[in-house]
Amino acid sequence: MKTTWRSASLAAGAVAVLALTTACGSESGTSASSQNVGATAPAGGIAGVGSGYGSVGGGASASAPGGVGTGAGAQGAGAGELAISANTQLGKILTDSAGKTLYRFDADTAEPPKSNCDGDCATAWPPVSADDISAGDGIDKSLLGEVTRTDGSKQLTVGGWPAYYYAKDAKAGDTTGQGVGNKWFALAPDGKKAKSSGSGSSSEASTAGLSVRKDPNLGEIVVDKNGMTVYRFLKDKAWPEPVSNCNGACLEKWPAVAPVDFAETKGIQKKGYMNFTRSDGTEQQTINCSPIYTFSGDKSPGDINGQGVGGTWYAVAPDGKLVGAPAQ
């Protein structure tokens with residue numbers, strides 16, 4: 001293109017109980033250069049664009065959507081004239097000339113621009129080629145740039161952030177990659193993350209809340225701000241401290257719920273409401289100390305397609321208990 005018991009001695013019984021309460025019973029919540037595309041001003045150093053962090057969420061692979069290259073590390077076809085599309089849940093997002101959604105990855109960096117998605121990751125998330133890119137109406141051309149990938153190909157950057165497609169987006173307007181692994185987000189026109197709300201604005205951080213919905217089959221269950229059902233995994237641990245055993249491909253299928261300030265919740269039990277650091281360095285929310293997730297198979301608010309999957313995934317009650325799970 002020309003563009004993150006204390007060991008006790010013999011008084012262990014009482015000390016252990018105290019330690020458990022402290023750890024989980026508290027009520028506290030909580031280098032490559034980038035070149036500019038189609039403009040004379042450099043794309044680097046965009047104000048307000050921070051660096052991402054995290055690790056690739058496993059070796060998921062998928063068939064690429066139409067117009068996107070296939071194979072590990074495949075480079076997507078030219079995006080053509082970029083456009084701004086209005087999405088009811090995410091607000092304004094960037095799409096290519098065919099209406100396909102563009103994404104960014106928290107494990108990448110914008111200053112300097114660098115892609116950390118290769119191999120199987122780049123099969124599931126094909127990089128957007130920097131070739132033949134132009135800016136459509138309302139897009140700041142100075143934010144468009146390119147970065148050289150490890151295979152020597154040129155990838156589009158927006159506000160310094162490398163841009164990708166999601167292989168599971170089957171048609172124009174799909175945004176199934178939003179929030180995957182709590183690391184993948186649709187690109188807003190300014191290079192920031194698209195916000196998961198219907199406000200029509202964008203935000204660098206998610207502000208999704210938690211509330212309670214009365215399901216006709218399951219009773220009272222927890223949902224996120226978009227009305228999507230929240231789940232627990234039986235193989236996780238809550239005591240003496242939260243531990244998630246859903247990683248890699250599991251995390252792509254069951255995205256971890258990012259920390260939500262307790263003030264943004266309604267009807268949720270406060271005791272044991274806390275977040276913790278996962279093994280990949282990212283933060284995850286708990287209810288009653290148990291890690292919580294959403295399900296990629298739920299497509300609309302009110303869906304409960306994750307209920308009972310594998311005999312290990314169940315919706316969550318407001319007090320953090322499993323809904324409909326067999327007695328343990």
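Strands E16 and E17 are joined by 2 bridges. E16 covers residues 283-287, and the two strands run antiparallel. This is a predicted model. One of the contacts can be named: Thr286 has Pro291 in E17 as its bridge partner.

The pair belongs to a wider arrangement. E15, E16 and E17, in that order, make up an open sheet of 3 strands with antiparallel pairing. Which strands stand at the edges? They are E15, residues 275-277, and E17, residues 290-291. Each has a single partner strand, so one side of each is left without a neighbour in the sheet.

Now turn to the charged side chains. The model holds 6 salt bridges. One of them joins Arg149 to Asp118, with the closest N and O atoms 3.0 Å apart. This salt bridge links distant parts of the chain, as its two residues are 31 residues apart. Arg149 sits in the loop between strand E8 (144-148) and strand E9 (154-158). Asp118 lies in the loop between strand E6 (113-114) and helix H2 (120-124).

Are these two residues buried or exposed? Arg149 has a relative accessible area of 5%. The cut-off for buried is under 20%, so Arg149 counts as buried. Asp118 has a relative accessible area of 34%. That value falls between the 20% and 50% limits, so Asp118 is partly exposed.

Another salt bridge brings together the side chains of Asp174 and Lys171, at 3.0 Å from N to O. Here a buried residue meets an exposed one. Asp174 is the buried partner, with a relative accessible area of 13%. Lys171 has 53% relative accessibility. Exposed means over 50%, so Lys171 counts as exposed.

The next salt bridge is between the side chains of Asp280 and Arg278. Its N to O distance is 3.9 Å. The cut-off is within 4 Å, so the pair counts as a salt bridge. Asp280 is buried, at 16% relative accessible area. Arg278 is buried too, at 4%.

Which residues are linked with Arg278 and Asp280 in a network of salt bridges? The answer is Lys183. Together, Lys183, Arg278 and Asp280 form the network.

Two themes run through this tour. One is the open sheet, in the order E15-E16-E17. The other is the set of 6 salt bridges, including the Arg149 and Asp118 pair that links distant parts of the chain.

Key:
Residues numbered from 1 in each chain as written. Predicted model: local features only at pLDDT ≥ 70, side-chain atom pairs only at ≥ 80, totals over all residues. Heavy atoms only, no water. Pairing = 2+ DSSP bridges. Helix = DSSP H or I, 4+ residues; strand = E, 2+ residues; numbered from the N terminus. Buried < 20%, exposed > 50% of the residue type's maximum accessible area, 1.4 Å probe, protein only.
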